[in-house]
There are 2 protein chains.
Amino acid sequence: MINAILASTSTLHNQEYLEYLIPQLPELYKNVEEVLFIPYARPGGISHEEYTAKAAEAFSKAGIKVKGINEFKDPVDAVKQAQGIFTGGGNTFLLVSELYRNKVMNAIKEVVKNGTPYMGTSAGTNIGGLSMQTTNDMPIIYPPSFQTLGLVPFNINPHYLDPDPNSEHKGETRETRIKEFHGLNSQPVIGLREGSWLELKDNKVTLKGKLQARVFKKDKLPFEIDTETDLTDLN
Amino acid sequence: MINAILASTSTLHNQEYLEYLIPQLPELYKNVEEVLFIPYARPGGISHEEYTAKAAEAFSKAGIKVKGINEFKDPVDAVKQAQGIFTGGGNTFLLVSELYRNKVMNAIKEVVKNGTPYMGTSAGTNIGGLSMQTTNDMPIIYPPSFQTLGLVPFNINPHYLDPDPNSEHKGETRETRIKEFHGLNSQPVIGLREGSWLELKDNKVTLKGKLQARVFKKDKLPFEIDTETDLTDLN
């Protein structure tokens, strides 16, 4: 039974890091004293230590301690022993590369499927999908695979951004990119706007937050879903 | 001696496909009757045939015929026999995967370095750099390598987009993404705005078009360069 929060972003406009998610932490991390933090995605290139300190500061507001996976000699053992896990955002290619290099991709998948509570934001949410192939990030490193945790039976596009009708820019819109994904892949994609998250609980996947999300299915027109929609069978 | 145009985009706002580049074609493709078109990047998932027809229509305005590489039985031979090559935009991961799958990545590199005129737009320009790692595209397919043609001694970011100072969106800016690239890679990156192109001619690389471009070097502050700047030694 999976207990997880997969959030589009760590930070909302004019808010502090994780501010809008702090109220969710006591329920997700019930009876958890210390969370294992995965800082591998290194947003803006910051160090594992800096990033862990940032997560620890935010989690302290919910009375939960944080320890970085980099502080452990054996990362696989750290995952197996963890009371809870939080994977921060940054570059998804780097995150996935490091998860494979440290041989923890499968270990995280296993413990989370067995009930260890998990939270991801941005890149940490992207890896909750079947593959990382709907990331927005640059391929700054070549990972050994694009396959990820598969906590949900579809793919996730975090930081989903609606097309700007006034834009004169000719780079592909997010919707076009996802359409190109569906030219080669069949799983649905959920575009999670900033402020939305998926709650995985009691064998159910539910859209949370105040906003709608956008669902993309191969060869279908995309459509909006309301918050509290049950996404358990989206596949 | 390389003769090439590496353009940020195929299409400018309120213009037709390739419109602003048509005046450049007679000089680049001097004495060329027929150009070999590489439609592998399939923008929006269109077919090779549709994409080739689109390129042919534009090139006809410069009196040049177009044949798609997909029309040849032996793609490597098609590259070797080509009088000129044009690689269109779309998804860079798909383009690079197909170039490797059809074993033409090295063949193109070789003939272009030996003088076969080459034009790329968007993804077709991205592959002109040392690697495709500064693409903006989604990883919709897993290519066997991120290494590309290396016609210039640096990386290219096409469709370069300045940060929007009014944006409330928390996804990474282009500049942040390139900074993350430089956390792991050392080659410079040139951010080419839409309407800019690199001209490779007489052993020189020159910025063309009306706009400035933005140069990113590892551990340095990014800076602007004017059109007509010589970039031959940017590495």
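Buried, in this report, means under 20% relative accessible area, while exposed means over 50% and partly exposed lies in between. The model is predicted.

**Helix 7 of chain B**

By that cut-off, Arg174(B), Arg177(B), Ile178(B), Glu180(B), Phe181(B) and His182(B) are buried in helix 7 of chain B. These buried residues pack against three strands of chain B: strand 6 (155-157), strand 7 (189-191) and strand 10 (213-216). An α-helix has 3.6 residues a turn, so residues three or four places apart point the same way.

Helix 7 of chain B also belongs to the contact with chain A. Two elements of chain B, helix 4 (92-101) and helix 7 (174-182), each give two or more residues to the side that touches chain A. The largest share of that side comes from helix 7 of chain B, with seven residues.

**The contact between the chains**

How many residues does each chain bring to the contact? Chain B gives 47 residues and chain A gives 47 residues. Together the chains bury about 3,800 Å², and 59% of that area is on carbon and sulfur atoms. Three residues stand out on chain B: Met138(B), Ile140(B) and Tyr142(B) supply 19% of the area that chain B buries against chain A, more than any other three residues.

Polar links cross the contact as well. There are 24 residue pairs in polar contact between chain B and chain A, counting pairs with both residues at pLDDT 80 or more. The side of chain B that touches chain A divides into 18 nonpolar, 19 polar and 10 charged residues. The count of salt bridges between the chains is two. In one of them, Asp137(B) pairs with Arg177(A), and the closest N and O atoms are 3.0 Å apart.

**Symmetry**

How is chain B placed relative to chain A? A turn of 180 degrees, with a shift of 0.0 Å along the axis, lays chain B on chain A with an RMSD of 0.0 Å. The two copies are therefore related as by a two-fold rotation axis. Of the interface residues of chain B, 100% are also interface residues in chain A, so the copies meet through the same surface.

**Two positive phi angles in chain A**

Asn31(A) and Arg42(A) are loop residues of chain A. Asn31(A) has a positive phi although it is not a glycine. The phi of Arg42(A) is also positive, and Arg42(A) is not a glycine either. The table sets out their values and places.

| Residue | Phi | Loop in chain A | Relative accessible area |
|---|---|---|---|
| Asn31(A) | about 65 degrees | between helix 1 (25-28) and strand 2 (34-38) | 74%, exposed |
| Arg42(A) | about 40 degrees | between strand 2 and helix 2 (48-60) | 26%, partly exposed |

**Trp197(B)**

Trp197(B) lies in strand 8 (residues 197-201) of chain B. Is Trp197(B) buried or exposed? Trp197(B) has a relative accessible area of 9%. This value is under 20%, so Trp197(B) counts as buried.

Which residues does Trp197(B) touch, not counting those up to four places away in sequence? Among them are Ile5(B), Leu6(B), Ala7(B), Tyr20(B), Leu21(B) and Gln24(B). Trp197(B) also touches Thr206(B), Leu207(B), Lys208(B) and Gly209(B). Leu21(B) is 176 residues from Trp197(B) along the chain, yet their C-alpha atoms are separated by 9.4 Å.

Note on methods. Residues numbered from 1 in each chain as written. Chains lettered and ligands numbered in written order. Predicted model: local features only at pLDDT ≥ 70, side-chain atom pairs only at ≥ 80, totals over all residues. Heavy atoms only, no water. Contact = heavy atoms within 4.5 Å. Buried area = accessible area lost by both parts, 1.4 Å probe. Salt bridge = Lys/Arg side-chain N within 4 Å of Asp/Glu carboxyl O. Polar contact = N/O pair within 3.5 Å; in protein donor to acceptor, adjacent residues only side chain to side chain. Helix = DSSP H or I, 4+ residues; strand = E, 2+ residues; numbered from the N terminus. Nonpolar A, V, L, I, M, F, W, Y, C, P; charged D, E, K, R; others polar. Least-squares fit on C-alpha atoms with pLDDT ≥ 70 in both. Buried < 20%, exposed > 50% of the residue type's maximum accessible area, 1.4 Å probe, protein only.
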